Amino acid sequence: MSRAIDSTYDSHAFQNRKCVPSNARADQGSIDMRNRRTTTDTQDDTTTSGVPYRSLGRCLRGMRQEAGLSIEVAAKAIKRGAGTVHRLETGAPNVVVRDEDLKGLCRLYQRPEMLQFLRTLAAQGKKPSWLDEYPNQINPTFNVYLQMEAAATHLTIYRPDMVSGLFQIPEYARALDRAYFPMDSVNEIEQRFTVRRKRQTLITRDLRPLRIDLVLDEAVVGRCVGGPKVMSTQLRHLANLPPNVRVRILPSKCGFPLGISTGPFTILDFAAEDGARPLEPPVVYVESYTGNIYLERADTVRRYRTAFETLRRVALDVPDSRRLLRQAAKEYTP
């Protein structure tokens, strides 16, 4: 059973799996989201959840492309039509995922180690909205998030607890990992940070860097991780992030603008083709200590957008937030 659980520390669940194209490689709190799932995201049992199936499709497409094979060749090998393989790779609604097809494709692409991961996604795709409650499956399900993050064009993030993995400096990340994985070797901790570092290139790349709106609770600034020197460096790093990352601090004096603590959440938005509808619908990623939820219903996404806008309006603006971060950094190392 894996000891890696990411739902708190933002990249603890990653496994080394190559399941996206090479050009795409690269976190509830006090709300009871299990109950909310039944009231906001329950769908007819005959429908499928788009997130797992689209992630399954990305994996299959990436594996096929790495193998250098066409859709037609893949279809012929598993004795299906090219349209079937195309629907599998695009995560089409109500697509039928057959275990024999997954086995055949893994064999064709010479990736037998991916079969169980694909089976997990296929099983989750049969549920209207899935909550990961299985510790030994945390790794592959966070791999789903990594794929979506790599494909997204804009992230909207609220963090009331800690700095997200996308913005963690090495010392901050290692301090968290040493506390969360006390039995892990130095090499295992370094592997986790390598994942973070690769993810961070999404916001520093020259071509279409990922755009992010981040609201951090002021408590994050005051919570010392790794010691004063580490915190000082971490806060300066946040203050100096590139313009495509807009950081706003929510002052503690604002109390609870929503009347409740939502816990951390991320809204992922994807590119639109020729100014039309997005290639994929937006997704809200909500995390807890033992599991993660992906929410897709339009009314649920709107509710989270409204919540974020409420938080953003009462937060400090970007320049004032940078000044607060720099001042706090000085206070950590006077």
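## Close-up views of a predicted model

**View 1. E309 sits within helix α12.** This legend, like the others here, describes a predicted model. E309 is partly exposed, because its relative accessible area is 32%, and the range for that class runs between 20% and 50%. Now look for V215: this residue and E309 are 94 residues apart in sequence, and their C-alpha atoms are 9.9 Å apart in space.

**View 2. Helix α12 spans residues 298–314.** How far does α12 reach from its first C-alpha to its last? The helix has 17 residues and covers 25 Å, close to the 24 Å expected at 1.5 Å a residue. Which residues of α12 are buried? They are T300, V301, Y304, A307, F308, T310 and L311. E309, which we met in the previous view, lies in this helix too and is partly exposed.

**View 3. Helix α8 meets helix α9 at an oblique angle.** Helix α8 takes in residues 170–180 and helix α9 residues 186–204. Their axes come within 10 Å and cross at roughly 135 degrees. An angle of that size makes α8 oblique to α9, because roughly antiparallel would call for a value over 145 degrees. The crossing of α8 with α9 is right-handed. On the α8 side, P170, A173, R174, D177 and R178 make the contact; their partners on α9 are I189, E190, R192, F193 and R196. What kinds of residue build this contact? Four are nonpolar and six are charged, with no polar ones.

**View 4. The buried residues of helix α8 are covered in part by α9 and α11.** If you pick out the buried positions of α8, you will find Y172, A173, A175, L176, D177 and Y180. Two of these, A173 and D177, also belong to the contact with α9. The cover over the buried residues of α8 includes α9 and also α11, a helix that returns in View 6.

**View 5. L166 lies in the loop that leads from β1 to α8.** Strand β1 covers residues 152–159. Is L166 buried or exposed? L166 is buried, because its relative accessible area is 2% and the cut-off for buried is under 20%. For a partner further along the chain, turn to I203: L166 and I203 are 37 residues apart in sequence, and 8.3 Å separates their C-alpha atoms. I203 falls within the residue range of helix α9, 186–204.

**View 6. Helices α11 and α13 pack roughly antiparallel to each other.** Helix α11 runs over residues 228–239 and helix α13 over residues 318–332. Their axes are 8 Å apart, at an angle of about 165 degrees. That angle makes α11 roughly antiparallel to α13, because it is over the 145 degrees set for this class. The handedness of this crossing is left-handed. From α11, the contact uses P228, M231, S232, L235, R236, L238 and A239. From α13 come R322, L325, R326, A328, A329, K330 and Y332. Sorted by type, the residues of this contact come to nine nonpolar, one polar and four charged.

**View 7. D101 is a buried residue of helix α5.** Helix α5 covers residues 99–108. D101 counts as buried because its relative accessibility is 2%. Which residues does D101 touch, leaving aside those up to four places away in sequence? They are I78 and R80.

**View 8. R111 occupies the loop between α5 and α6.** Helix α6 covers residues 115–125. With 12% relative accessibility, R111 counts as buried. R111 and M63 are 48 residues apart along the chain, and their C-alpha atoms are separated by 7.8 Å.

**View 9. K79 and R208 each have a positive phi.** A word of background helps here: most residues other than glycine have a negative phi. K79 has a phi near 60 degrees. K79 is in the loop between α3, residues 71–77, and α4, residues 82–90. Its relative accessible area is 77%, so K79 is exposed. R208, which is not a glycine either, has a phi of about 45 degrees. Where is R208 found? The loop between α9 and β2 holds R208, with β2 covering residues 211–217. R208 counts as exposed because its relative accessibility is 71%, and exposed means over 50%.

Terms used. Residues numbered from 1 in each chain as written. Predicted model: local features only at pLDDT ≥ 70, side-chain atom pairs only at ≥ 80, totals over all residues. Heavy atoms only, no water. Axes fitted to C-alpha atoms, helices over the stretch in contact; angles between N-to-C directions. Helix = DSSP H or I, 4+ residues; strand = E, 2+ residues; numbered from the N terminus. Parallel < 35°, antiparallel > 145°, perpendicular 65-115°, else oblique. Left-handed = near helix turned anticlockwise from the far one by under 90°. Contact = heavy atoms within 4.5 Å. Nonpolar A, V, L, I, M, F, W, Y, C, P; charged D, E, K, R; others polar. Expected span 1.5 Å × (residues − 1). Buried < 20%, exposed > 50% of the residue type's maximum accessible area, 1.4 Å probe, protein only.
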